[in-house]
Amino acid sequence: MEATSRPILVALGSEAQSLRLIHAGFRLARERSAPWLGVYVDTGHGAATEDAEQVQVWMQEAQRLGAEVQSVEAPTLAQGLADLTRRTQAQALVLGRSRDRWPWARLGHSTADELLRRGLDAEIVILEDRPPSSRHPSPGIRLSAMVGTFLVMTVCTGLAWLTHRGGNLSLVLPVYLLGVTFIGYQWGSALGILASALSVLLYNFLLETPRFRQAATHWPNLLFFLLMLLSTQLMIGLLRRLRDQASEVRRRELHTASLYLLGRALARSLDPDEVATTAAEHIRRVFKAQAWLLIPEGDGWAARPGSLDVAALPTPAELLPRLVWGEQAGDPLEPVPVGDAICLSLMGTNRSEGVLRILPGVGEPLHPQTWELLKAFAVQIALALERLRWLEEARKAQLESETERMRSTLLGAIGHDLRTPLAAIHGAAGSLLLPSDMSDSTRRDLLTMIQEESERLAQLLGNLLDLTRLESGAIQVQKEWQPLEEVVGSALGGLERRQGALPVQVELPESLPLVPLDAALIEQVLVNLLTNAQRHAPGREIDLRAWEEPGWVHLEVADRGPGIPANLQERIFDKFFRLPEAGEGGVGLGLAICRAIAQAHGGRIQVQDRPGGGSSFRLALPLDGTPPPPPEGAL
Amino acid sequence: MNQPLILIIEDEEALRRFLVPTLTSQRYQVLSAATASEGLAMARSHNPDLVLLDLGLPDRDGMAVLQELRSWSRKPVVILSARNQERDKVRALDQGADDYLAKPFGAAELLARLRVALRHTLQADVEDPVVCGGGLRIDLGRREVTLEGQAIKLTALDYRLLEALIRRNGKVATHGQLLAEVWGPGGAGNTHYLRIYMAMLRRKLEADPTRPKQFITEPGVGYRLDLDARGD
């Protein structure tokens, strides 16, 4: 078996340290691209004390990070690990120092030492216990605390003196007790102890008679001091724990609530920009810090939201592995300081979706206590990004299959429509070239046919090109505010110049506003609609009207043709759809182009039955944006 | 009589095969070139009366050829543009091309455009103060406009726009050119001014403004005044 594929073993227990072992194992396995195994050795007598459920949790975490997990039974930990190391031919064994329960095991008799003595053909990696980070760093004694202590002691002594003078000795002790407890709780145990001693001395010097007696030699005084110290320390401890518990509950509530709010907001986000904006907003509120999502794009980063000088950041190739393997802890979610900021990998199900970069506000450092919440935020954001990526991938796949289907329909339809005019042109040109005494009129007929068929070909190709370019977004709609009259005139004038007068009644109110539209495209819609109307109801009246409605302008082309069956009124806008009874001419692209143009304008086109027979095509164009100012000195 | 000499710069063989005999049969003298460099060399050596220039040439950008031609010649240049070159077309017109033909075009259309473009050069020095056509009569000297004998009242801006179109002599005028001529440098970008005034001019001078016969819109490019069209 090759060294690279030999597994890495990680010895797991129920202790919290196991999480670090798991991450270290994961990191080592990634570095060496080797498989890794999470192992729990059941020594029988330990099973009762070790929390089996906690072991299960660590096993699951190891599995999440790609480990295989295994549980073996053996008389001792070292025995079990050694057997397994041999059996799996592991290249490395990761274990923690604290797997040995008793202090004397560390003096040459630890599990690690024993494993070393067994001469295993494997590297043994021992993780030291991490020094427990003090949760409440004791603040230095500040001047205000000293002054406070002094004041409280003065007040207590004053009260004690008053009660003492009243002959009520029993009240002295509770007064001091309360004072000292308050000091210890408020300003720390150091001042608490100091206050205890002080209160004994004060009591002695000021209150006991005769005064100035040596305090320490008087044993009740010493007892008084000790009792005072003990009871105040006890009370302080209880109060502290109560306070910590309350604040812990509050913190958890806050964490849960902020996580819930973030999760809910992210679930509603529809694109990475929205995810980034939402995440940044929540992080700003909860952590008082600025946040960006860095998403790998090419060789660099795309930073969202807003702008960020991404050139100054380490490249994805550099930063991502550092984060994913965890810089020190081996935890792929561990925040890593990069420059002024803190970066977290956005780990999704099986890969990093990017990086969360957090810049703490000035004077608002990110406390390590909040890192757990930050990690939970990162997971939520990663999952949101991953969900969007999967959605996008699914959409792409669907689009691809759709395109594929379209392409085959297209090929079928074009094949036929292209070949017919080509065959006619080819045939006519061939017979014109034959030596024959063809009459002039026949010759003219053939030539006319060649011209007509080639025009049809050109139109078909033009339509196809336009549609493809419209659908692919290659045609940019260039909206300009202009009178509808000009577009109508251009379409109608153009048609009539080519084909002679058309029976079109135009009704355009002079009060119509300017409309933002792309003249060339809307002209094509009109030409297509008018040509259709003429084809389906030759010689009959066509009505072209326009009217305004708040926010919209409607343009209608209505004919007196045979009309369109209600069940086909949607489908006629599909590509290559032709009415069954439609005769020659047209390939079923005209209306598809109309719809594509209407949509590109943010408008719509529909057909409906016309009262009195025929159909009416209505194009609705939005009047969006601010109309330009009227010409100076005009109208 | 000396027939006008036309130089065709077009890389597509099929189009040259159609253009050369069509023009020769109309008794034009014809030269043709397949590349920009060949075309420019011929233009220098033969000094043609008109150049038909394709914008999509293999060796050089058509726009660059136009600029070089314009650096020494004021002879008309007509652009042949393909379907997806709308923007190049307007740029070419703004940079001194006289007119354009969108492919595919028919023989009749081609000959009509050539006549208009050549008329411009051949009559350049004949200043006729009166222009007529399609029922319209415009006396540029007296600033009088009549339609079917009826005097028409035009505002100063209407008249300036009409004048600018007449000066083009049947050739297309781009939005940019008209805005600059009528509104001056401050008019640039206010295409809607032009459209509004054009609509007013049509209402006054066209028989049916929704079917313009003379004040023709070239979508995405500009306008053309065709006084020869019959306003019936």
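**Entry 1: the A–B contact**

I counted the contacts between the chains of this predicted model: 24 residues of chain A are in contact with 18 residues of chain B. I then looked up which elements of chain A are involved. Helix 12 (440-472), strand 11 (480-482), helix 13 (484-499) and helix 14 (519-536) each supply at least two residues of the side of chain A that touches chain B. The largest share, eight residues, comes from helix 13 of chain A. Sorted by class, I find 14 nonpolar, five polar and five charged residues on that side of chain A.

**Entry 2: nonpolar cores**

I looked next for the largest nonpolar core and found one of 55 residues. Among the residues with the most contacts inside this core are B:Val51, B:Leu52 and B:Leu53, along with B:Val77, B:Val78 and B:Ile79. Helix 8 (residues 191-205) of chain B gives the most to this core, eight residues. Domain 1 (5-121) and domain 2 (124-225) of chain B both give residues to the core, so it lies between them.

I checked B:Leu52 on its own. Leaving out residues up to four places away in sequence, B:Leu52 touches B:Ile6, B:Ile8, B:Ile9, B:Glu10, B:Leu19, B:Val78 and B:Leu80. I also noted a second, separate core of 41 residues, which includes A:Leu517, A:Ile572, A:Ala596 and A:Leu621.

**Entry 3: helix 3 of chain B**

Which residues of helix 3 (residues 62-70) of chain B are buried? I list B:Gly62, B:Val65, B:Leu66 and B:Leu69. They cover an arc of only 100 degrees around the axis, and therefore sit on the same side of helix 3 of chain B. What covers them includes strand 1 (5-9), helix 2 (36-46), strand 3 (50-54), strand 4 (77-81) and helix 4 (86-94) of chain B.

Methods:
Residues numbered from 1 in each chain as written. Chains lettered and ligands numbered in written order. Predicted model: local features only at pLDDT ≥ 70, side-chain atom pairs only at ≥ 80, totals over all residues. Contact = placed C-beta atoms within 7 Å. Helix = DSSP H or I, 4+ residues; strand = E, 2+ residues; numbered from the N terminus. Nonpolar A, V, L, I, M, F, W, Y, C, P; charged D, E, K, R; others polar. Core = buried A, V, L, I, M, F, W, Y, C linked by C-beta atoms within 7 Å. Buried ≥ 20, exposed ≤ 12 C-beta atoms within 10 Å, placed from the backbone. Domains from an automatic or database assignment. Arc of directions from axis to C-beta.
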